[in-house]
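Colleague: I'm new to this one, so could you take me through a single part of it up close? Pick the central piece and show me what sits around it.

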Amino acid sequence: MARIVMIDDDPDFLEIQKGVLESQGHTVVTVDNSKEAVEKTRETNPDLVIVDLMMEEEDTGFSLCYQFKKGATGKKLPVIMVTGVASERGVPFNLDGPETGGWIKADIYLNKPIRPEELISAVDKLSK
């Protein structure tokens, strides 16, 4: 089973998704701010990270994803990027498209609200 660090500033989201993943046997550490994210990830040596796109600043998730993919924690990590942007704005948000210039290389993107089976499938795909 995978060791996961989940980073999001929404405590309800963290609690619910942690429960979903732990019910599948995964170990989940949650972090509610970007300041602790890299250090906590370095300390726990996870198999993958789940990062919210928009937290303290609009580019927080982008920045964290970039750091994790470049090995800021000692190794390059698979990243699942989650976002509520599409739901909040009512328009599709393509993270591989022109909005990001293609520089955000998360492995999987999930739009909130996330169905449990979506999250489980994404984690299973990256932790094999």
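**A close look at helix H3 and the sheet beneath**

Modeller: Happy to. Keep in mind that this is a predicted model. Let's start with helix H3, residues 60-70, which lies across E1, strand E3 (48-52) and strand E4 (79-83). Against E4, H3 runs at about 175°.

Which residues of H3 are buried? They are Thr60, Gly61, Phe62, Leu64, Cys65 and Phe68. As for what they touch, the buried residues of H3 pack against E1, H2, E3 and E4. Just after the helix comes Gly71, and its phi is positive, near 90°.

Now the sheet itself. It's an open sheet of five strands, in the order E2-E1-E3-E4-E5, with parallel pairing. Strand E2 (27-31) and strand E5 (108-111) are the edge strands; each has a single partner, so one side of each has no neighbour in the sheet. On average, neighbouring strands here are turned by 20° against each other, if you ignore direction.

Let's walk through the pairings. Strand E1, residues 3-7, pairs with E2 in the parallel sense over five bridges. At Ile7 you'll find Val31 of E2 standing opposite, while the bridge partner of Ile7 in E3 is Val51. So much for that residue; E1 and E3 run parallel and are joined by four bridges. E3 and E4 also run parallel, with four bridges between them, and there Ile50 stands opposite Ile80 in E4.

E3 deserves a pause. How many of its five residues are buried? Five of the five are, which leaves E3 mostly covered. In a regular strand, side chains alternate between the two faces of the sheet. In E3, Leu48, Ile50 and Asp52 point one way and Val49 and Val51 the other, and all are buried.

Back to H3 and its helix neighbour. Helix H2 covers residues 34-44 and packs with H3 at an angle of about 15°, their axes 11 Å apart. With angles under 35 degrees counted as roughly parallel, that makes H2 roughly parallel to H3. Their crossing is right-handed. On the H2 side the contact is made by Ser34, Ala37, Val38 and Thr41, and on the H3 side by Thr60, Leu64, Gln67 and Phe68. Sorted by kind, the residues of this contact come out as four nonpolar, four polar and no charged. If the spacing of those positions catches your eye, recall that an α-helix has 3.6 residues a turn, so residues three or four places apart point the same way.

For a comparison, look at another helix on the sheet. Helix H5, residues 116-126, lies across E1, E3, E4 and E5 and runs at about 170° to E5. Helix H1 (residues 11-22) packs with H5 at an angle of about 60°, with the axes 10 Å apart, and that makes H1 oblique to H5. This crossing is right-handed too. Here Gln17, Val20 and Leu21 of H1 meet Pro116, Leu119, Ile120 and Val123 of H5. The residues of the contact of H1 with H5 divide into six nonpolar, one polar and no charged.

To pull the picture together: H3 lies across E1, E3 and E4, and its buried residues pack against those strands and H2.

Definitions and conventions
Residues numbered from 1 in each chain as written. Predicted model: local features only at pLDDT ≥ 70, side-chain atom pairs only at ≥ 80, totals over all residues. Heavy atoms only, no water. Pairing = 2+ DSSP bridges. Helix = DSSP H or I, 4+ residues; strand = E, 2+ residues; numbered from the N terminus. Axes fitted to C-alpha atoms, helices over the stretch in contact; angles between N-to-C directions. Contact = heavy atoms within 4.5 Å. Parallel < 35°, antiparallel > 145°, perpendicular 65-115°, else oblique. Left-handed = near helix turned anticlockwise from the far one by under 90°. Nonpolar A, V, L, I, M, F, W, Y, C, P; charged D, E, K, R; others polar. Buried < 20%, exposed > 50% of the residue type's maximum accessible area, 1.4 Å probe, protein only.
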